[in-house]
Amino acid sequence: MIAIHYETGNNYCIRWKEYCIEKSIPYKLVSCYDNDILEQLEDCKGLLWHVNHFNYKDQIFAKYLIKALENRNISVFPNDRTSWHYDDKVAQKYLLESINAPIVDTFVFYDKKSAYAWIEETTFPKVFKLRKGSGSKNVQLAKSKEHAKKLTRKAFGKGFPSLDMSTILKERYRKYKLGKESFLGVLKGVVRLIIGTPFKNMSTNEKGYIYFQEFMPGNTFDLRVIVVGQRAFAHKRMVRKDDFRASGSGNANFDKNEVDVNCIKIALDVSDKLGLQSSAYDFIYDSKGKPRIVELSFAFNPGPNRNHHPGYWDADLNWHEENVLFEEWMIDDILGKIEKNEILKESK
Ligand SMILES: Nc1ncnc2c1ncn2[C@@H]1O[C@H](COP(=O)(O)OP(=O)(O)OP(=O)(O)O)[C@@H](O)[C@H]1O
Ligand SMILES: [Mg+2]
């Protein structure tokens, strides 16, 4: 028996459930928010949970529950190795550096004095980010020494909201002008600016650290490579007009011939070395044309339509022109692990 954390909304769990029914896989639906969740999982060998970085509850305890379940020999998707660095760019810096992965040079400081000393010596612009966030919401250019110092003062002062509703409203309006957002969507943005969202209202400000990345100019897109098990698929995300940021632009290209297979190779290799069940990598290019990883994330948005990826590459870089059924792969992989009883090995 496997358990599925089931919640309505845009979530992998809907397809997970359908697949279990289609394949007669014994399953039960659970809520990880229940106090007796460990008891409820007593008859289960596995749990699938689409942990969501925009859910404040998940942010509080998902990592701890996953670790506790692994101690009980329950196979979890996402497992600890896959999820401990989720939605935390600071964690990802150390993770990627630990295997000498080709990450964009990243600088993190935990006090104002060290940050100022570095700012005095380095060049600008740099890219400033919060450790949390998606869709480029918490990513901006630190244009000059002065700008970087201002950001530093804020980082070690009142901090930054992890979800800035005015940035989100501006983004909705930008998409509305492009015909990619409804008027109702813009209105929703206005209401949320006033009343917030559960995530916004329960989150504390981001502070006590400052994160910069070397700015890689001239990238007109980033390449998002998603690896699930040993299968990789990819698409280009085009940058916004007069901007350097691609994620969240709403403009993507799914043509297989546009994909740099070097990035596929790197992504498969990193996932393999780190033992990740699922990971989306964002690649951009440095001044020498070398692909660099910007960040990674176990969860990903597959895009507006289900079947726009024309196929996937396997671990030997063979191309398979087949539907990309990633939710099914996640279940197949978990069931494979349960069969081989690999959970203990995995959590070491
Ligand atoms: N160091 C960099 N140099 C140049 N461009 C960058 C750099 N880092 C990020 N970008 C651009 O900014 C975008 C957003 O950055 P990043 O992926 O780190 O943020 P995010 O909000 O977490 O995105 P996601 O939605 O992919 O999780 C990227 O898609 C990329 O186009
Ligand atoms: Mg990104």
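1. Let's start with the shell around ligand 1 and the domains that build it. In this predicted model, domain 2 (105-162 + 203-215) and domain 4 (221-317) each give at least three residues to that shell. If you are finding your way around the structure, these two residue ranges are a good place to begin.

2. Which strands take part? At least two shell residues come from each of β6 (126-129), β8 (210-214), β9 (221-228), β12 (278-285) and β13 (291-297). Please keep β12 and β13 in mind, as both return with the magnesium ion in point 5.

3. Now for the shell itself. Ligand 1 is surrounded by 24 residues, and the closest are Lys89, Lys129, Gly135, Asp222 and Ser247. How does the shell divide by residue type? There are 9 nonpolar residues, 6 polar ones and 9 charged ones.

4. Several backbone atoms of the protein lie close enough to ligand 1 to be worth a look. A polar backbone atom of Glu214 sits 2.8 Å from a nitrogen atom of the ligand. On the oxygen side, Ala246 brings a backbone N or O atom to 2.9 Å from a ligand oxygen, while for Phe244 the corresponding distance to an oxygen atom of ligand 1 is 3.5 Å. How much of the ligand does the protein bury? Ligand 1 would expose 610 Å² if taken alone, and 96% of that is buried by the protein.

5. The second ligand is a magnesium ion, and here two acidic side chains do the work. Asp282 (OD) and Glu295 (OE) coordinate the ion, at 1.9 Å. The pair joins distant parts of the chain: Asp282 belongs to strand β12 and Glu295 to strand β13, with their positions 13 residues apart in the numbering. Are these two residues buried or exposed? Asp282 and Glu295 are both buried.

6. Val294 is a helpful landmark beside this site. This residue is part of strand β13, and its C-alpha atom is 5.4 Å from that of Asp282, although the two are 12 residues apart along the chain. Why does Val294 count as buried? Its relative accessibility is 14%, and the cut-off for buried is under 20%.

7. Two prolines deserve a careful look, since each follows a cis peptide bond. The bond from Phe77 to Pro78 has omega near 0°, and Pro78 is located in the loop that runs between β4 (75-77) and α4 (80-83). The bond from Phe124 to Pro125 is cis with omega near 10°. Pro125 is placed in the loop between α6 (112-121) and β6, and β6 is one of the strands that supply the shell around ligand 1.

8. Finally, check the backbone at two residues with positive phi. Asn73 is not a glycine, yet its phi is positive, at about 70°. You will find Asn73 in the loop between α3 (56-71) and β4. Ser136, also not a glycine, has a positive phi of about 70°, and its place is the loop between β6 and β7 (139-142). How do the two compare in exposure? Asn73 is partly exposed, because its relative accessible area of 32% falls between the cut-offs of 20% and 50%. Ser136 counts as buried because its relative accessibility is 8%.

Terms used. Residues numbered from 1 in each chain as written. Chains lettered and ligands numbered in written order. Predicted model: local features only at pLDDT ≥ 70, side-chain atom pairs only at ≥ 80, totals over all residues. Heavy atoms only, no water. Near = heavy atom within 4 Å. Polar contact = N/O pair within 3.5 Å; in protein donor to acceptor, adjacent residues only side chain to side chain. Areas by Shrake-Rupley, 256 points an atom, 1.4 Å probe, with all protein chains shown as cover. Helix = DSSP H or I, 4+ residues; strand = E, 2+ residues; numbered from the N terminus. Nonpolar A, V, L, I, M, F, W, Y, C, P; charged D, E, K, R; others polar. Domains from an automatic or database assignment. Donors = N, O, S within 2.8 Å, 3.2 Å for Na, K, Ca; no water. Buried < 20%, exposed > 50% of the residue type's maximum accessible area, 1.4 Å probe, protein only.
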